[in-house]
Amino acid sequence: MADEVRPRSSAFSDPRTGPSSAWKVAAACSGFLADAYDLFSIDLVLVFFDYTHPDQFGDFEKSTVVSIMLVGVLIGSLTFGFVADLVGRRWAFVTTAVLMMASAAASGFVQESETWLDMTLQLAICRFLLGLGVGGEYP
């Protein structure tokens with residue numbers, strides 16, 4: 001038995017970790033990729049909006065839409081730590097995932113309006129809620 005050669009194992013085939021660990025790593029990496037995409041894709045959106053609606057997106061409006069997500073990240077990271085203590089980490093992460101998906105989808109339905117709820121405010125609200133979700137992943 002001492003002469004028996006055991007095959008080398010990798011982290012993905014090790015019976016202690018198993019292939020499910022690879023999926024966990026891939027899921028975590030895709031979550032961080034989605035967060036980074038949400039943070040940095042707004043630059044392309046603002047270029048498009050500046051071209052199609054030059055009268056609605058001045059410098060103040062652009063900076064508000066970009067920075068409001070960072071405010072949401074800050075508040076979300078402070079808030080969801082306490083939420084995770086109250087309801088558990090699993091439900092806190094599910095809540096942040098649903099919040100991120102819903103607010104990202106809602107930002108795709110932003111439209112022109114002649115009321116007080118103009119495109120800038122609609123997009124800022126969606127980006128703030130998206131920031132809450134992103135911040136909730138990093139408590």
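Which residues make a nonpolar surface patch of about 660 Å²? Keep that in mind as you start; the model on your screen is a predicted one.

**Stop 1: the patch**

Select Leu86, Val87, Trp91, Val94, Val98 and Met101 and show their side chains. Together they make the nonpolar patch on the surface. Now color helix H3 (59-87) and helix H4 (89-107). These are the elements that give two or more residues to the patch. H4 supplies the largest share, with 4 residues.

Zoom in on Met101. This residue sits in helix H4. Is Met101 buried or exposed? Its relative accessibility is 56%, so Met101 counts as exposed. The cut-off for exposed is over 50%.

**Stop 2: the salt bridge**

Next, select Asp50 and Lys62. They form a salt bridge, and their closest N and O atoms are 3.2 Å apart. Asp50 lies in helix H2 (residues 42-52) and Lys62 in helix H3, so the pair ties together parts that are 12 residues apart in sequence. The structure holds 1 salt bridge, so stay here a moment and check both partners. Asp50 has 30% relative accessibility and counts as partly exposed. Lys62, at 23%, also counts as partly exposed.

**Stop 3: helix H5**

Last, select residues 119-136. This is helix H5, with 18 residues. Put a distance line between its first C-alpha and its last. The helix reaches 26 Å, close to the 26 Å expected at 1.5 Å a residue. Then turn on the surface. How many of the 18 residues in H5 are buried? The count is 14, and H5 is mostly covered.

Note on methods. Residues numbered from 1 in each chain as written. Predicted model: local features only at pLDDT ≥ 70, side-chain atom pairs only at ≥ 80, totals over all residues. Heavy atoms only, no water. Expected span 1.5 Å × (residues − 1). Buried < 20%, exposed > 50% of the residue type's maximum accessible area, 1.4 Å probe, protein only. Patch = residues over 30% accessible without salt bridge, like charges linked within 9 Å, V, L, I, M, F, W, Y side chains within 5 Å. Areas by Shrake-Rupley, 256 points an atom, 1.4 Å probe, with all protein chains shown as cover. Salt bridge = Lys/Arg side-chain N within 4 Å of Asp/Glu carboxyl O.
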